[in-house]
Amino acid sequence: MDLCEDDDVPCCSRARSLASTEHLKTCQEELNVAVGYGSGLPETDDERPKNLNQLRMLVNDIRFMLRSQLLAYDAKLLIFATAASSGCPDQTLVPAPPAFKNSNTDDEVYVCPNEGCDMERLCKAVQDNWPSCSVMMDNLCSVESMDDMSDDDIEAVHLLHWVLADPSSPMLRRTSSVHLRSLCKHLGVARPSQMPVQLMSICYEDEQVSLPGLRTSRSYAYLGMNFAKLYRFLATGHLDPVGPDTTTRLYAQPESAMLQCLDPQPEPMPPCWMQSRFGTTQRALVICALPPELEKPKILTAANQFLEYIVHDPTRLRPCHLLFYDEASGDKMMTYWPGHIIETTPQQRRRSAPRCRPIRKVTSEAGRKLKGWAQSFWTGVVSVKRYVVASF
């Protein structure tokens with residue numbers, strides 16, 4: 001629009017020069033210039049503080065997790081790194097980190113190596129940015145300003161938080177090996193002939209807590225597996241069968257299950273994480289709760305000490321405890337076959353004992369008379385005793 005001299009125009013030279021033009025541009029930046037704000041009002045950067053706050057929350061979560069259970073989360077990182085370093089990561093690294101997927105992948109769980117995870121970038125990120133867990137905890141505690149973190153550090157923090165706090169994978173809790181014998185008694189499985197390097201309990205978020213009044217009797221057995229397959233099994237429950245047999249076999253004796261750890265696997269890649277406290281060569285025994293239809297015999301004899309359970313759907317198994325073995329202890333354990341017998345608790349022995357026919361109570365007339373005579377006699381004895389004590 002055209003402005004006349006009588007119009008209400010601000011008395012600044014820059015406004016008059018704008019008013020003398022044929023058309024007045026009405027964009028926000030030029031209006032700010034017109035009223036004397038120079039190049040415009042300072043724009044607020046909302047995205048940067050939001051990212052910094054999110055990054056600060058992730059760092060605090062990682063600090064808390066590492067401080068609470070350092071060995072348990074060390075084992076969790078080792079399980080993830082071993083799956084990433086296997087010869088077939090398209091079968092073992094499931095689920096894959098979403099930030100490292102190829103651009104042509106939309107699903108979270110991939111099935112083809114060409115449509116899966118960028119393994120080269122993932123292994124490089126782990127190898128370059130993951131020191132030992134204790135060093136990571138010290139480094140994160142010494143971070144004062146998030147502005148000083150590089151892009152590689154931010155990517156490493158996101159990956160570390162995803163591995164430690166992924167809701168699809170279970171939570172590990174360290175358990176003292178002193179309680180291994182009592183744990184095996186309670187679960188009704190044989191005690192291993194060799195103590196594990198580490199014993200851990202497995203907890204899922206959707207795990208149902210049984211009430212004290214409800215007794216749920218489930219049977220348990222050992223499942224041995226190659227360490228590279230452990231990540232996928234704990235997260236999804238799926239196992240890739242080896243050979244023509246598509247069933248999953250579990251054993252009451254850990255020595256028999258240890259043979260499953262020697263399944264042939266493709267040639268693995270160089271391990272991408274070498275700073276674990278447990279080393280790199282590990283074997284895993286998982287104590288799983290069996291489906292309800294697979295129950296152990298109530299009376300354990302020498303004939304059924306070496307039971308083998310066949311499960312057609314491994315997703316119905318419930319991993320409960322995890323036993324770590326290195327290569328030396330695993331080989332030594334297999335030489336002790338058949339191992340220890342299954343020990344039971346007194347409660348289990350009482351439940352498995354043959355039930356005797358209960359003795360019927362005396363309900364005849366003679367029995368009631370005899371009971372009444374005994375009660376009256378005892379009452380008289382007590383009265384005489386009180387009289388004698390009162391007399392003296």
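## Close-up views of a predicted model

**View 1. The largest cavity has a volume of about 80 Å³.** Welcome to the inside of a predicted model! How many cavities of 30 Å³ or more does the structure hold? There is one. Its walls are made by Lys 76, Ile 79, Ser 169, Pro 170, Leu 172, Tyr 231, Leu 234 and Ala 235. Two elements, H4 and helix H10 (230-236), each give two or more residues to this lining. H10 provides the largest share, with three residues.

**View 2. Helix H4 takes in residues 70-84 and is mostly covered.** Let us stay with H4 for a moment, since it also appeared in the first view. Of its 15 residues, 15 are buried. You can try a little check of the helix here: at 1.5 Å a residue, its 15 residues should span 21 Å, and the C-alpha atoms at its ends are 21 Å apart, so the expected and modelled values agree.

**View 3. The second largest pocket holds about 520 Å³ of space.** A total of 24 residues line this pocket, and the closest to its centre are Thr 82, Asn 226, Phe 227, Pro 268 and Thr 280. Which elements each supply at least two residues of the lining? They are H4, E3 and E5. H4 makes the largest contribution to the lining, with three residues.

**View 4. Helix H9 (residues 180-187) has its buried residues on the same side.** Look for Leu 180, Leu 183, Cys 184 and Leu 187, which are the buried residues of H9. Why do they end up on the same side of H9? They do so because they cover an arc of only 100° around the axis. These buried residues pack against four strands: E2 (198-203), E3 (220-226), E5 (282-289) and E7 (318-326). Just after H9 comes Gly 188, with a positive phi near 75°. For comparison, most residues other than glycine have a negative phi.

**View 5. In helix H12 (residues 327-334), Ser 329, Gly 330, Met 333 and Met 334 are buried.** Their arc around the axis is only 135°, so they lie on the same side of H12. What do the buried residues of H12 pack against? Their partners are helix H11 (254-258), E5 and E7. You have met E5 and E7 already, as strands that the buried residues of H9 pack against.

**View 6. The peptide bond from Val 94 to Pro 95 is cis.** Its omega is near 0°. Most peptide bonds are trans. Where does Pro 95 lie? You will find Pro 95 in the loop between helix H5 (89-92) and helix H6 (119-129).

**View 7. Stepping back, the protein chain has 14 helices and seven strands.** The chain is made of 392 residues, and 41% of them count as buried. What about contacts along the chain? Among those between residues at least 6 apart in sequence, 80% join residues at least 24 apart. The accessible surface of the chain comes to about 24,500 Å², and carbon and sulfur atoms account for 54% of that surface.

Notes
Residues numbered from 1 in each chain as written. Predicted model: local features only at pLDDT ≥ 70, side-chain atom pairs only at ≥ 80, totals over all residues. Heavy atoms only, no water. Buried < 20%, exposed > 50% of the residue type's maximum accessible area, 1.4 Å probe, protein only. Arc of directions from axis to C-beta. Contact = heavy atoms within 4.5 Å. Expected span 1.5 Å × (residues − 1). Areas by Shrake-Rupley, 256 points an atom, 1.4 Å probe, with all protein chains shown as cover. 1 Å grid on protein atoms, 1.4 Å probe; cavity = no way out; pocket = protein on both sides within 12 Å on 5 of 7 lines; lining within 4 Å. Points joined across faces, edges and corners; volume = space filled by probe spheres on them.
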